[in-house]
Structures are given as C-alpha cells and as structure tokens.
Amino acid sequence: MGKTLYRKVWDAHTVGILPDGRTQLFIATMYLHEVTSPQAFAMLRELNLPVLHPERLFATPDHIIPTDDQTEPYADPRAATMLDALRRNCAENNIRLFDLPSGQQGIVHMVMPELGITQPGMTIVCGDSHTATHGAVGAIAMGIGTTQVRDVLATQTLAMSPLKVRNVRVEGSLRPGVTAKDVALHIIRKLGANGGLGYAYEFGGSAIEAMDMDGRLTLCNLAIEGAARCGYINPDETTFEYLKGRPYAPKGAAWDEAVARWKSFASDPDAEYDDVVIIPAEEIEPTVTWGISPDMNIGINETIPSPADAKDEETRKAYVTALDYMKLTAGQPIKGLPVDVVFIGSCTNGHITDFRAVAPLLKGKHVAPGIKALAVPGSQMTAQMCEEEGIADIFRAAGFEWRKAGCSMCLAMNPDKLIGDQICASTSNRNFKGRQGSPTGRTLLMSPLMAAAAAVTGMVSDPREVF
C-alpha cells in the first residue's frame, strides 16, 4: 500500500519513539513573531539552555504592527515591548529577522512562502494557529503553543503522535465568482468546525489542482478553522513554478535535485486514507458567514438558518447564541445586509493575486457613502508589487484606505479595530465574538471579490451581479 505525503514527511523527520509512545519529530524550520516568542525565550533563559539551530529559525513582526503610522515608539507600550523583545531575542541568538526596514516584513504566513523559505517535504511550526497555511506547498505545517516553541528552540524537535489523514477532494470546475475562500468556507460548513479533530487534511481534486499558489495558501490557511491540525496539497508544477527564483529557493543544479526530491514526497496513487470526502465544485457558491464560527456560513442566495432546523440540541443553542450576538433573524436573506466596515487583507487573503483580482473590478467605482474600507497587503513585498502595478492607486481612487503590511483588523492587536457593534465584511479567517477588537463587533467572512462588492454597495452583495 502506498503512502500519503503526511506519512512520508513524518517518517523522514522521525528521530525516535519516546517512552510514552509519542514520536520525537525533527522540525525543519520554525517561524517566530512578536506575540508568542518572548515567553518561550524567557523560559529558555530560565533553563540556561541555548537555541540549538538558529539557522533553521526565521522571524518577522506582524500582529502588533500599526498599518497606518509605523513611526516608533508606538503609542501602545505593549506593542513596543513585544517588538523590542523580538529584536533582542533574534540578535542575541543570531536568528534571521525580517524587520520593518528590510522591505521583507509582513505577516509570517505570507513572508516565508514569498521568500521561498517554505518548501515541500518540510516539517514547519510556528506559535500561531494559521501555520497550516504553509501546507500549500506540500509541507506539514502546524501551529504550536508557547511551551512547544520553547521545546523547538532548545531541541529542534517536537513530541507528538501522528494524525489520521482525510482526503478532501473538490472535483469539477468552480463557477465564475467562486474563489478559494468560498471553497474553504464550504468545506468547513460541510465537515463542521470540529470535523477535523485528530486529522490532517490532504486537499486535492481537479478544482484544487487548478488553483494558483495563493489560492492554495488561502485554502490551507483555513484548515485549522475546521479543526484539522494541518492541511496540505501535494507539490506539483504549480508549486515548483511558484518557488523558482525566490530568494531562499535552491539555485542551479541544486534546483533540479530539490524538485526531484520534492516530487517524491507527493502522495502515492495507491495511498491509504483514514477518510475520503468528495465535494462537487459546481455546488459551491460565493459564500459568507452569518454567525460566530466559520462553519456558520451560507451561499449568497441562501437565508440565515433557523435554530429549529439545527441537527442537534448543541447546534440549536449555538444558533440561538449566534443570532442574538449578530442581531440577525432566522430566515433573513444574507444578501442585502448592510455593513459598516470592509477589510481586505490578512494571511488568508492579503496576497498579490487577491489585490490583482479586485483592482479591475474597482476601477471607476467608489466605496459607498459611510463605509470605512481598508486594504492591507500582507507583506511589504506584496505592497511594493501593488504600487508598481498601479493596484494601490486604484484602491485609493476607489476610496479605500491603503495601508502598510501587517495583520491589521484580522485580530485587532493593533490600532485597526471595530467600534461598537459595527458589521465588518472581512476577508480574514475568524468571526469569533470580539475577534476584530470590539466586544460587540460583528464579522462576516467572505472572499475579496465579495468584500469589494460590499464596499461599493454598502451591503452584502453577489459580486457576479455587482461587477
């Protein structure tokens, strides 16, 4: 019986089996940012332990970085303290830091693939749940806790048990106006917010194979929102074309050797899976969340579900709570719901292709009166491309606030926050209560195309109709 990519990567990085039965797994690379790493370094100092493999560690500040005025010192003393700690820890341990003056700073899950550090066949960890993003190139990438960050700093290994593997296939062709974000939300709705517990998701099928790399990054980014520990896509020619020529990608003869090695990690045709789910691509619509969990989503032409239609009592209670918090009514159409704020950005949808897709649609149009619209590229490299291609100017002319690179309004650990019970049409990854900075703020997750449509109409809209 053949092996999955997950099993091949796991076996290639197994150091040994611990007395408690867990595997000691070698970690090819770990990414660091300013929020979860300071405590890990502090614990390491208390134990008087050195960083074992600094050459395998890479860092960038993202969560707390202001996206409007980045003049230091920052108004928020906590942000300044975190940034100072990251800089100090990287300098003291000879860890490569992509800081603000570098031109390569940005959201950790965008910067590392863009630089070609994220590569097929790797084991990758970071103190951030959306580390699953990096699985898009054919890596096994997982978010870890701060004590585990400490463990990897000290040993470059992690103790864990292998996951089951679910093969999630989307077969067929996506309809116009349907993006990777819609696919991801649809999968989460179908399998549930807890459906992936104990699993790695291998995404495949003709619709996913047709996606560009940024779309694949979006899909794997959201694997964690379906409770999968990681999500990945087998490396193929799209992967290799994306990585070729990037700063940290192999060069010359080493490139050919690397591609041959990367291909060998792809799942075998006769690989055995613990579960297989097949989804017809044609059934996926432009999708938007209505509740307080990413699985609470519906197609643009559907109505908000009723608690009476819930599959069980737990779901019914969750629906009641969500409707109350979101101030919505069962049976209400989601299309036409007024919004107050639009946010295009985050590690989910802050890629260059996201902005390239939206810019032509916005040309000659303008943000609706009373709408605050933010466009936040996920990295300085993406921001620079947007400037060079005239994309940033199109967004500015349309009435968007064009911001500097950072996590921004995704989780609001910076000045970009909702106020009161504002409704935000957001391209980010979580719609939890208070996620965007206000304890009563309301988040609707959607694709960049839908967010752009909401910006120009002032309400949840079908981009196929608006554009």
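Buried here means under 20% relative accessible area, exposed over 50%, and partly exposed in between (1.4 Å probe, protein chains only). By that yardstick, 60% of the 467 residues in the protein are buried. Welcome to a predicted model, in which local features need pLDDT of at least 70, side-chain atom pairs count only at pLDDT 80 or more, and totals for chains, interfaces and linings use all residues. Residues are numbered from 1 along each chain as its sequence is written, and side-chain values use heavy atoms, with hydrogens and water left out.

**View 1. The whole fold has 17 helices and 19 strands.** Helices (H or I, at least four residues) and strands (E, at least two) are DSSP runs, numbered from the N terminus. With a radius of gyration of 21 Å (over C-alpha atoms), close to the 23 Å from the globule rule (2.2 Å times the number of residues to the power 0.38), the protein is as compact as a globular protein of 467 residues. Its C-alpha atoms fill a box of roughly 55 × 55 × 45 Å along the principal axes.

**View 2. Helix 16 covers residues 448-457.** Nine of its ten residues are buried, so helix 16 is largely enclosed by the rest of the structure. Among the buried residues are Pro448, Leu449, Met450 and Val456. Just after helix 16 comes Gly458, with a positive phi near 80°.

**View 3. Contacts link residues far along the chain.** Take the contacts (heavy atoms within 4.5 Å) with a separation of 6 or more: 75% of them join residues 24 or more positions apart.
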